[in-house]
Amino acid sequence: MTDIKSMTVEEIKEVMKQVGEKPFRAKQIYSWLHEHQAASWEEMNNLPKSLKDKLREDYPIVCVEKVDEQISKQDGTRKYLFRLSDGNVIESVLMKYKHGNSVCISSQVGCRMGCRFCASTLGGLTRNLLASEMLDQIYRIQVMTGERVSNVVVMGTGEPLDNYENLLRFIHILTEEGGLHISQRNLTVSTCGLVPKIRELASEKLQMTLALSLHAPNDVKRQELMPIARRYSMDEVLEACRYYFEQTGRRITFEYSLVAGVNDSEIDAEQLAGKIRGINCHVNLIPVNPIKERDFIRSTHQAVLKFKNQLEKYGINVTIRREMGSDIDGACGQLRKSYIDKTESEN
Ligand code: SAH
C-alpha cells in the first residue's frame, strides 16, 4: 500500500523504516494528514525537504477535489460533488444542526445492491472507496467551510459493509486520537442488511450507531424493494441487529422509507411493530424521495403521521426524518447522476 492517508501511525512507522528515517516522523506526518488535514507534502513545514522529496513520488497524498457545490437557501445544507484521482465522481453533504455539523459521506463509487427506490445504484458499482477517500470528503468540507464537523453519517452512495475493510480503517482513523478524533457515538453507519458483516461489525464492539434500512414489514414486501432481502430473511437481519445491540449496547436505528400504497398502510405499521418489538431500537421514517427512473410516490404527510402514531401505540420510538436541503437535490445520488448524464451526453 502506498496510500499514506489510509495508514495507521504504526504503518507509517514501517514506511519510515523502509526509507531510513526516524520513527518519530510518522506521528508528525499522521498529524499533518489527519489533525491538520494537509492536502500536500509542501504544507508539512516541520519536515525536512529531503524527507518530503523521498516520499512525494512513492506516497502520493490522496485528496478529493470539489467540482460542484450546491447550497440550500432554506437551511444552509451544502451538497458537494467531488472528483477522485481516477476521474470518478462522488457526492457528500454537509448539514448544519443546532447541536453541530454533520457530514454524510459516500462509501463506494456507485452501488451493487439494487434497491428499487435508490438513485445511487442505477449505474451499478464502479469501485470501493479507499479509507483516505472517505476521510477526505470530511476533511475537504471542514477546510473549505472552516467549520468543525462533529457528526459523520455513512449514508451517501454505496453499501458501507460491502467495503468492509476500508470502512473499518476509516472508522479507526476518524475516531482515534491524533486525527479529527470524532466520538464513535457521533458516527452512524447505514446498511441494507448484509447479515454476516453486521455480525462481524458487532464483534468489533465499536460505540457507533448501526442504522438498518428496513423499509418493509415483511419478507414479501422487502424483497420487492430490496434485492438483498432475497439473500437474507427479515428474521435473520433482525436477529443480527439484536446481536449488535447485545455486543455493543448501542440502540439500533431502523430506517423506513415510506412509499405511498406500497409500505405505508395501517396493517404495514402493525406488522412492523410486531416484528421489531422487543428490540432496543428507534425507527426513523423517511418519506421516499421520488426518482424519475421509477414511479414510486411519497406517502402523504397524513399517512406518515398515522404510521408514526401506530408504531408509538406499541411503545416504539419513532422520528420523522427532517428534510434538509430539499431545494437542492431530489433523492440521494441525484447530483452525481445528473453530472454523469450530462457529461455523457456532451461526449
Ligand atoms: N447502502 C446503505 C446506505 C445508503 S442510503 C443502506 O442501504 O442503508 C441511506 C438511506 O437512504 C438508506 O436507508 C436507503 O435505503 C435510503 N434511500 C435511498 N434512496 C432513497 C430514496 N429515494 N428515498 C428515501 N430514502 C432513500
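**Close-up views of a predicted model**

**View 1. Asp-136 forms a salt bridge with Arg-140.** The closest N and O atoms of Asp-136 and Arg-140 are 3.0 Å apart. The structure shown is a predicted model. Both residues belong to helix 4, which spans residues 131–145. Four residues separate Asp-136 from Arg-140, about one turn of the helix. An α-helix has 3.6 residues a turn, so residues three or four places apart point the same way. Asp-136 is buried, and Arg-140 is buried too. Across the whole structure, a search finds 25 salt bridges.

**View 2. Glu-14 and Lys-17 pair within helix 1.** A salt bridge joins Glu-14 to Lys-17, with 3.6 Å between the closest N and O atoms. Helix 1 covers residues 9–18. The two partners sit three residues apart, about one turn of the helix. Glu-14 is partly exposed, because its relative accessible area is 41% and partly exposed residues lie between 20% and 50%. Lys-17 has a relative accessible area of 62% and is therefore exposed.

**View 3. A salt bridge connects Glu-255 and Arg-321.** Their side chains meet at 3.5 Å, N to O. This pair links distant parts of the chain, 66 residues apart. Glu-255 is in strand 10 (residues 252–258). Arg-321 is in the loop between strand 12 (317–320) and helix 11 (334–346). Glu-255 is buried, at a relative accessible area of 5%. Arg-321 is partly exposed, at 29%. Elsewhere, salt bridges that share partners join Glu-42, Lys-49, Asp-53 and Arg-56 into one network.

**View 4. Arg-222 is buried yet has no salt bridge.** Arg-222 is placed in helix 7, residues 219–225. Which side chain of opposite charge is nearest to Arg-222? That of Asp-219, 6.1 Å away. A salt bridge needs the side-chain nitrogen within 4 Å of a carboxyl oxygen, so this pair does not count. Instead, the side chain of Arg-222 reaches the backbone oxygen of Ser-213 at 2.8 Å. Beyond its neighbours within four places in sequence, Arg-222 is in contact with several residues, among them Cys-192, Leu-212, Tyr-232, Met-234 and Val-237.

**View 5. The largest nonpolar core has 94 residues.** In soluble globular proteins, nonpolar side chains tend to be buried together. The residues with the most contacts inside this core are Ile-138, Phe-170, Phe-254 and Ile-276. Helix 5 (residues 164–175) gives the largest share of the core, seven residues. Phe-170 is in contact with residues including Ile-105, Ala-131, Met-134, Leu-135 and Ile-138, leaving aside its neighbours within four places in sequence. A second, separate core has five residues, including Val-93, Met-95, Val-153 and Met-324.

**View 6. Helix 9 has its buried residues on the same side.** Helix 9 spans residues 266–276, and its buried residues are Asp-268, Ala-269, Leu-272, Ala-273 and Ile-276. They cover an arc of only 135 degrees around the axis, so they lie on the same side of helix 9. The elements that cover these buried residues include helix 7, helix 8 (234–248), strand 10, strand 11 (281–287) and helix 10 (301–313). At the start of helix 9, a side-chain oxygen of Ser-265 comes to within 3.3 Å of the backbone nitrogen of Ile-267. Gly-278 follows helix 9, with a positive phi near 90 degrees.

Note on methods:
Residues numbered from 1 in each chain as written. Predicted model: local features only at pLDDT ≥ 70, side-chain atom pairs only at ≥ 80, totals over all residues. Heavy atoms only, no water. Helix = DSSP H or I, 4+ residues; strand = E, 2+ residues; numbered from the N terminus. Buried < 20%, exposed > 50% of the residue type's maximum accessible area, 1.4 Å probe, protein only. Lys, Arg positive; Asp, Glu negative; His and termini not counted. Polar contact = N/O pair within 3.5 Å; in protein donor to acceptor, adjacent residues only side chain to side chain. Contact = heavy atoms within 4.5 Å. Core = buried A, V, L, I, M, F, W, Y, C linked by side-chain atoms within 4.5 Å. Arc of directions from axis to C-beta.
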